[in-house]
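I opened the model to look up a few helix crossings, two sheets and one residue. My entries follow in the order I made them.

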Amino acid sequence: MTEAQKTTGQAEGVSHQDMASAIRALSMDGVQAAKSGHPGMPMGMADVATVLFRESMRFDAADPKWPNRDRFVLSAGHGSMLLYSLLYLTGYPGMEIGDLKQFRQLGAKTAGHPEYGHAAGIETTTGPLGQGIANAVGMALAERMLNARLGDDIINHHTYVVAGDGCLMEGISHEAISLAGHLGLGKLIVLWDDNSISIDGPTSLSVSDDQVARFAASGWNTMRVDGHDPAAISAALAKARGDSSKPWLIACKTTIGYGAPTKAGKSSTHGEPLGEEEIKGTREKLGWPYPPFEIPEHVLMAWRGVGQRGAKEHSEWKQKLGKAGSAAAEALVEPAAANKIAHIEKMIADAKAAFAADDAKRATRVWSQLVLEKITPVLPELIGGSADLTPSNGTRTKHHKDVGPGDFSGNYIHYGVREHGMAAAMNGMALTGGLIPYGGTFLVFSDYCRPSIRLSALMRQRVIYVMTHDSIGLGEDGPTHQPVEHLAALRAIPHLLVLRPAEGLETAECWEIALKHDANPSLLALSRQAVENLRKTASSENLSAKGAYVLSEPEGRRDVTLIGTGSELALAAEAAKKLAEEGIKAAVVSMPSMELFRAQPESYRAAVLGDKPRVAVEAGVAQCWYEWLGGNGRFVGMSDFGASAPAGKLYPHFGITADAVAEAARSLVKK
């Protein structure tokens with residue numbers, strides 16, 4: 001079989017119908033074997049997926065990490081058997097027929113929804129509807145930015161998305177398509193599975209939007225096609241690839257559960273197995289006489305040819321990369337900036353030295369901006385941004401250049417008031433590779449970002465969230481803007497590093513932590529109000545890297561341990577001085593990261609916390625503190641929402657003062 005024959009898939013009588021039927025059969029068989037899942041979407045979109053992969057997708061199944069591959073995002077992640085079937089059929093390494101038989105089983109690569117890292121070819125974790133299309137916006141944006149830096153020979157690819165009705169109902173889709181349309185991300189092509197069915201029944205129960213008009217209003221090119229007409233699908237994709245002036249929406253009118261004799265077009269095919277009798281009837285209707293999970297060799301070989309089609313172009317690309325020089329190869333190193341650790345360490349050391357010599361009181365958001373002034377020039381991989389709060393977040397420096405429509409050569413993105421879309425786009429940028437995204441907003445609006453922050457952590461992506469105005473210390477904006485429960489809620493997310501520095505040197509150290517942890521997202525919680533530098537010397541060691549450390553230890557054996565984070569660490573330090581005047585010896589512990597401290601050996605944690613009573617102070621709720629306070633500790637903080645007033649009046653009003661910390665310590669020492 002020649003390469004051309006493999007590409008067309010017509011060799012030995014292999015038709016489009018047979019290749020699409022292979023997807024439908026594997027999908028319904030996998031769901032039936034698992035006794036749960038979603039067969040309807042894969043069966044409905046099998047024709048679209050077949051044309052896309054046979055004719056449009058540029059990829060080499062043998063090397064799933066080829067930087068210039070086209071990206072395929074299954075935003076409608078419940079239809080995961082569509083993706084798993086494609087990965088098996090096209091020959092992605094490690095995806096065998098046995099994996100499809102283990103669909104939704106413990107430890108299987110083929111989880112209920114696609115999970116990044118479980119199998120080669122899964123570009124992002126999807127399932128929470130709308131996240132995939134928003135990730136894809138970040139991927140398409142990263143592609144344009146890398147293209148601006150490296151040129152067409154090195155980076156020039158498309159991002160394809162299969163999205164469902166549910167994806168387009170989710171609010172995040174509005175943010176994502178608006179941003180993509182504004183930026184003119186013309187290499188982004190969304191294939192909408194327009195089947196008019198949701199779990200509850202017809203989509204007319206809950207939505208009557210003209211989605212095509214909506215995308216057009218956001219600056220997209222649009223067209224409608226019959227999602228079961230291979231020629232129409234092919235023509236639509238060719239048109240979209242040939243016009244990259246705007247992103248594309250191709251509305252594919254499909255029948256959910258296509259081929260099922262009695263259930264096609266019904267909501268019952270969405271989220272439950274078809275059943276043995278319906279599957280038997282589907283095989284007869286599709287003309288597919290093969291047993292479950294059996295793909296005849298001629299069909300499998302045709303699909304494997306599709307997976308091999310991009311090998312030649314991939315090889316040519318490698319030659320171009322070699323000729324482009326070392327800078328191009330270094331720009332694509334993974335993890336991003338892995339070859340620049342020494343530069344990062346030097347810039348952080350320089351920042352710490354400068355901060356230690358600086359007597360000024362500044363908000364940690366300002367210290368953060370000063371750190372960025374140092375590291376941005378030596379780290380072109382670092383891409384900044386903010387959700388319309390750039391001056392407040394301090395996320396832009398004099399070394400930044402804006403990214404905008406038609407000009408992707410910059411390193412700073414104005415996301416607009418789209419916090420959720422920003423977070424999801426940053427996930428897509430990090431997944432693309434070669435870039436380290438950070439984005440800013442107020443800490444209280446982490447609620448708007450939370451689903452995407454959770455996915456950053458689930459996928460172990462280095463996305464940096466710069467969250468300022470981190471407490472009642474923001475003052476007059478009041479309880480709607482004052483985060484109270486947010487630190488505790490964020491600290492509950494596995495693998496997320498919540499970093500709350502207390503002053504300038506800690507802020508520099510927290511940036512170093514965030515940049516070096518390439519398998520964790522990080523969130524910097526930064527103050528609006530000015531704080532004093534409590535550390536007067538720039539230690540060569542990153543003291544914050546262990547999560548907590550002793551800021552000051554009294555002479556002799558301590559009587560009590562005072563623990564603080566962020567702007568409240570100064571209250572603990574002041575309380576220790578008051579207690580010392582009374583002969584009570586208090587150690588002061590700074591705990592910028594509970595997650596990093598939890599990871600330390602028990603001996604280190606015991607040495608830092610001591611064996612005496614403990615008092616913690618933080619302008620948030622207490623829930624996350626009981627782990628560190630022991631059985632007889634006390635917490636000084638918030639138990640209700642804040643109020644609108646100057647910060648200087650709010651702290652005494654809510655009893656968060658050095659006197660309150662000292663009194664809590666006295667009561668424990670007396671016991």
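**Entry 1: α23 and α28.** I looked up the hand of the crossing between α23 and α28, and it is right-handed. I note that this is a predicted model. Helix α23 covers residues 569-581 and helix α28 covers residues 658-670. I find their axes within 8 Å of each other, crossing at roughly 55°. That angle makes α23 oblique to α28, because the oblique class takes in what is left once angles under 35 degrees, over 145 and from 65 to 115 are set aside.

I then listed the contact residues. From α23 I have L571, E574, A575, K578 and L579. They meet A658, D659, V661, A662, A665 and R666 of α28. Sorted by class, this contact has seven nonpolar and four charged residues, and no polar ones.

**Entry 2: α7 and α19.** Next I took helix α7 (residues 131-150) with helix α19 (residues 419-432). Their axes come within 6 Å and the crossing angle is roughly 55°. I therefore record α7 as oblique to α19. The hand of this crossing is right-handed.

On the α7 side I wrote down Q131, A134, N135, G138, M139, L141, A142, M145 and L146. On the α19 side I have H420, A424, A425, N427, G428, M429, L431 and T432. The class count for this contact is ten nonpolar, seven polar and no charged residues.

**Entry 3: the sheet under α7.** What does α7 lie across? I find α7 across β1, β2 and β3, running at about 165° to β2. These strands belong to an open sheet of five, in the order β1-β2-β3-β7-β6, with parallel pairing. At the edges I have β1 (71-74) and β6 (221-226). Each of these has a single partner strand, so one side of each has no neighbour in the sheet. From one strand to the next, the twist averages 20°.

I looked at one pair inside this sheet. Strand β2 (residues 159-164) and strand β3 (residues 188-194) run parallel and are joined by six bridges. A163 has W192 of β3 as its bridge partner.

**Entry 4: Q211.** W192 came up again here, as Q211 touches W192 along with L168 and L249, leaving aside residues up to four places away in sequence. Q211 sits in helix α10, residues 211-217. Is Q211 buried or exposed? I record Q211 as buried, because its relative accessible area is 6% and the cut-off for buried is under 20%.

I also checked Q211 against Y549, which is 338 residues away along the chain. Their C-alpha atoms are separated by 54 Å.

**Entry 5: the sheet with β17.** The range of β17 is 549-552, and I looked up its sheet last. I find an open sheet of five strands, ordered β17-β19-β18-β20-β21, with mixed pairing. Its edge strands are β17 and β21 (634-636), and each pairs on one side only. Direction ignored, neighbouring strands of this sheet are turned by 30° against each other on average.

For one pair in this sheet I took strand β18 (residues 560-564) and strand β19 (residues 586-590). They pair in the parallel sense over five bridges. Opposite V560 I find A586 of β19.

Conventions. Residues numbered from 1 in each chain as written. Predicted model: local features only at pLDDT ≥ 70, side-chain atom pairs only at ≥ 80, totals over all residues. Heavy atoms only, no water. Axes fitted to C-alpha atoms, helices over the stretch in contact; angles between N-to-C directions. Helix = DSSP H or I, 4+ residues; strand = E, 2+ residues; numbered from the N terminus. Left-handed = near helix turned anticlockwise from the far one by under 90°. Contact = heavy atoms within 4.5 Å. Nonpolar A, V, L, I, M, F, W, Y, C, P; charged D, E, K, R; others polar. Pairing = 2+ DSSP bridges. Buried < 20%, exposed > 50% of the residue type's maximum accessible area, 1.4 Å probe, protein only.
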